[in-house]
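User: Please take a close look at the part of this model where the small molecule is bound. I would like a connected account that a first-year student can follow.

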Amino acid sequence: MLVNAERLTTTLRALARFGLNEDGGVDRASFSSADRQARTWLTSWCEEQGLQVAVDGIGNMIVSSPELERGIADRAPVWSGSHIDAVPNGGRYDGPLGVLAAIECLTRLQEEEVSLERPVRAVVYADEEGNYAHLLGSSALARGFTVDELSALVGRDGDRFADTFTAAGGDLLAAARVRLPQGSIHASVELHIEQGPVLEREGLDVANVTGIVAIGGGTLRFLGRADHAGTTPMDGRQDAVLAMADFVTRLPGLAREVGDTSVVTTGIVKVWPGGSNVVAKMAEVVVDYRDPSTEKAAALGDLIASAAQDAAHRRGLQVESHVEPLIPAAPLHETVRQAIQASVQAHGYSSRDLPSGAGHDSQNLATLAPTGMIFVPSVDGRSHSPAELTHDADVVRGANVLLGTLMRLAAAPTA
Ligand code: HGY
Ligand code: MN
Ligand code: MN
């Protein structure tokens, strides 16, 4: 059985419209108006296919087929999903591919009246890109957040999660109650673009992902003293920007100190009050760090924290750190990887094993159920940019592998 290529590629283009900017990039931060409009469109699209959409307390959308679930609705389901929120000026495939392919697979299973042993559900995880916290929606399912933790979250634009979320109709109490007990999900599989150069360089159709990196992050706020730029001698200044700059320039060395697989990024910097003739009182930097090994990522996190303290104290400044709990690395599960491989072979596609340097909701799902991921090639390895592109033929091959995998994980043996 194959997906409907025309329908899948058409919905990918339709979803890309929400938040499309003049640069050809996508601005669709979670719970923004573009995200809300995209969710409304996606909900009606699903309902037109005869599917049902439920939204949990933190905004994860769970799409099911009442027709397919007759008599099996209470069994642990197979989930397949990804996200539709995007990084600022992001691409059109990172997330939407996995969401729309999962919905397309569900639609095809329904069209062919495939007899299932357990439900198959498509999922849209909220705030995967971590506007408020890395992998927010799936972290809430895997480890849960308290109301206090959710109330402390601040977005990259300085808005409080609590304000934006409630303005979008959310309820913090409900958001703090979405954690799933073990056994709720039978298995999970996510289709995603590779966001790197390997598949394209090797001319391969898909990757069977072996594992996902550990991700840590947080905000370091350096607190100095505002002074006049002209009348304050260089000695004795408490310039928050200099302390932050000293800290940031140390980070590549810390990553190398831990190992050649560690990475650290500082993509967001804020300075206050922000006058060219004012010595900055506050300088804030958001740090994102990763390693395929949870232990190495934890070690890097410790080095980053002490470097921030040193960079501040040597200038007589204070530094506040607001760090997220480390999201552990996730080895992906052999059962699901075998189902993916069997589907690849059945379609006669070429493939290889590949680890993921990007974070994904699947690393949270991996703590709840056997989980696997399928990658398709990214042109020039580009992602998190308007240059992000995956050819339609690769989109369709990935979705066909996903469909075969879901059949193997959920269909009754006779199917
Ligand atoms: O940051 C990541 O790796 C993913 O795009 N959220
Ligand atoms: Mn991304
Ligand atoms: Mn993604």
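Analyst: In this predicted model, a nitrogen atom of ligand 1 lies 3.0 Å from an N or O atom in the side chain of Glu 129. The oxygen atoms of ligand 1 also have polar partners: a polar side-chain atom of Arg 290 is 2.6 Å from one oxygen atom of the ligand, and a backbone N or O atom of Gly 359 is 2.7 Å from an oxygen atom of ligand 1. Taken alone, ligand 1 exposes 210 Å², of which the protein buries 92%.

The residues around ligand 1 are Glu 128, Glu 129, Arg 290, Ala 358, Gly 359 and His 384. Sorted by class, this shell consists of three charged residues, two polar residues and one nonpolar residue.

The model also contains manganese ions, ligand 2 and ligand 3, which are 3.5 Å apart. Asp 94 coordinates both of them. For the manganese ion that is ligand 3, the donors are His 83 through NE2, Asp 94 through OD and His 192 through NE2, at 2.1 to 2.3 Å. Along the sequence, these donor residues follow the spacing H-x10-D-x97-H. His 83 and Asp 94 both lie in the loop between β3 (78-82) and α3 (96-111), so this pair ties together parts that are 11 residues apart in sequence. Are these two residues, His 83 and Asp 94, buried or exposed? Both of them are buried.

Methods
Residues are numbered from 1 along each chain as its sequence is written. Chains are lettered from A and ligands numbered from 1 in the order in which they are written. This is a predicted model: local features need pLDDT of at least 70, side-chain atom pairs count only at pLDDT 80 or more; totals for chains, interfaces and linings use all residues. Side-chain values use heavy atoms; hydrogens and water are left out. A residue is near a molecule or strand if one of its heavy atoms lies within 4 Å of it. A polar contact is a pair of N or O atoms within 3.5 Å; within protein, one must be able to donate a hydrogen and the other to accept it, and residues adjacent in sequence count only if both atoms are side-chain atoms. Accessible areas come from the Shrake-Rupley method with a 1.4 Å probe; for residues, only the protein chains shown count as cover. Ala, Val, Leu, Ile, Met, Phe, Trp, Tyr, Cys and Pro count as nonpolar, Asp, Glu, Lys and Arg as charged, and the others, Gly among them, as polar. Donors are N, O and S atoms within 2.8 Å of the metal (3.2 Å for Na, K and Ca); water is not among the atoms, so sites may look incomplete. Helices (H or I, at least four residues) and strands (E, at least two) are DSSP runs, numbered from the N terminus. Buried means under 20% relative accessible area, exposed over 50%, partly exposed in between (1.4 Å probe, protein chains only).
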